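Got your viewer open? Load the model and follow along, selecting as we go.

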Amino acid sequence: MPHMRRGRSRTDREESQPDQPADDARRQGNPKRAAKGDHEPANDEPPGTGNLELHSAAFSDHMLIPERYSRQGGNVSPPLEWGQAPDGTVELALLCEDPDAPGGTFTHWVVTGLPADCGGVREGSLPSGATTGSNGFGDLGWGGPQPPVGDNAHRYFFRVYAVDRPLGLGSGATGRDVHAAVAGHTLASGTLMGLFAR
C-alpha cells in the first residue's frame, strides 16, 4: 500500500471530487492503483464499433508521460494523432481521464467540436473550431497529471471518439457530458494510456 500523507492542500494533490462514479475503495480515498482492466473509464461505444489507432509522439502506450505535460512541469497538452475517421463521422471528441484518483475518476481534458477530417492535435494547441471543456481542476482545457505524492503510477486514458451527430456541447462541458453525448452515437474510438507518478 503506497504511503499517503494527511492534510495535503489542494495544490499538492490531484483530485478531491470525482467526475465519474468510482468503486467503494476509491471513494474511501484508497490510492492503490487498480489492476489493469479494473475500473477503467466508461466504455461508451457499443460492440462492433470501429477502432481509431491513437498514439502520441511524446510517449508510447502504457509508458510514462513526460514531466513537461504534468500540471507542475509545464502543463502543456501532449500531441496526439489518430487514424482516419469512418464515413458518416460528423464530429470528433477527446477525453483524458485518470481512474486511479483517490476521489474517483478525474477528468484532465475535454475537447469537442473537432472536425471529422481532423487527424490529430499538436502539442499545446487545438485546431480552429475546437471547443474546450472543463477539467477536474475547474479550468478550461488541459489540466496535466498531478497525482498525490507517493502513489503508484496513475493511469491516464486518452480517448478519441468519432460520432455520427453534432454533440452540441459548448465551452465548459464536462467528461460526464461527453460520455452521455457519445453514448449510442460512436462510430469508432481509440485509446492511448500513459502513466505518471510523483
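Here is a short tour, from the whole chain down to the inside.

Start with a cartoon view. This is a predicted model, and you should find 2 helices and 10 strands in it. Trace the chain and the pattern reads α-β-β-β-β-β-β-β-β-β-α-β. Switch on a surface: about 8,900 Å² is exposed, with carbon and sulfur atoms supplying 47% of that. Of the 198 residues, 46% count as buried.

Now go inside. Select Leu80, Trp82, Leu92, Leu94, Trp109, Leu114 and Phe158: these have the most contacts inside the largest nonpolar core, which has 24 residues. Colour strand 4 (80-82), strand 5 (91-98), strand 6 (106-115), strand 9 (154-163) and strand 10 (186-196), since each gives two or more residues to this core. Strand 9 gives the most, with 4 residues.

Next, centre on Trp109 and show what surrounds it. Leaving out residues up to four places away in sequence, Trp109 touches a set that includes Leu80, Leu94, Cys96, Val121, Trp142 and Phe158. Apart from the largest core lies another one, of 9 residues; pick out Val110, Tyr161, Leu167 and Val182 among them.

Last stop: helix 2, residues 175-182. Which of its residues are buried? Select Gly175, Val178, His179, Ala181 and Val182. They sit on the same side of helix 2 because they cover an arc of only 170° around the axis. Turn on strand 5, strand 6, strand 9 and strand 10 again, as they are among what covers those buried residues. Then step just past helix 2 to Gly184, where phi is positive, about 80°.

Definitions and conventions:
Residues are numbered from 1 along each chain as its sequence is written. This is a predicted model: local features need pLDDT of at least 70, side-chain atom pairs count only at pLDDT 80 or more; totals for chains, interfaces and linings use all residues. Side-chain values use heavy atoms; hydrogens and water are left out. A nonpolar core is a set of buried Ala, Val, Leu, Ile, Met, Phe, Trp, Tyr and Cys residues joined through side-chain atoms within 4.5 Å. Buried means under 20% relative accessible area, exposed over 50%, partly exposed in between (1.4 Å probe, protein chains only). Contact means heavy atoms within 4.5 Å. The arc is that of the directions from the helix axis to the C-beta atoms. Accessible areas come from the Shrake-Rupley method with a 1.4 Å probe; for residues, only the protein chains shown count as cover.
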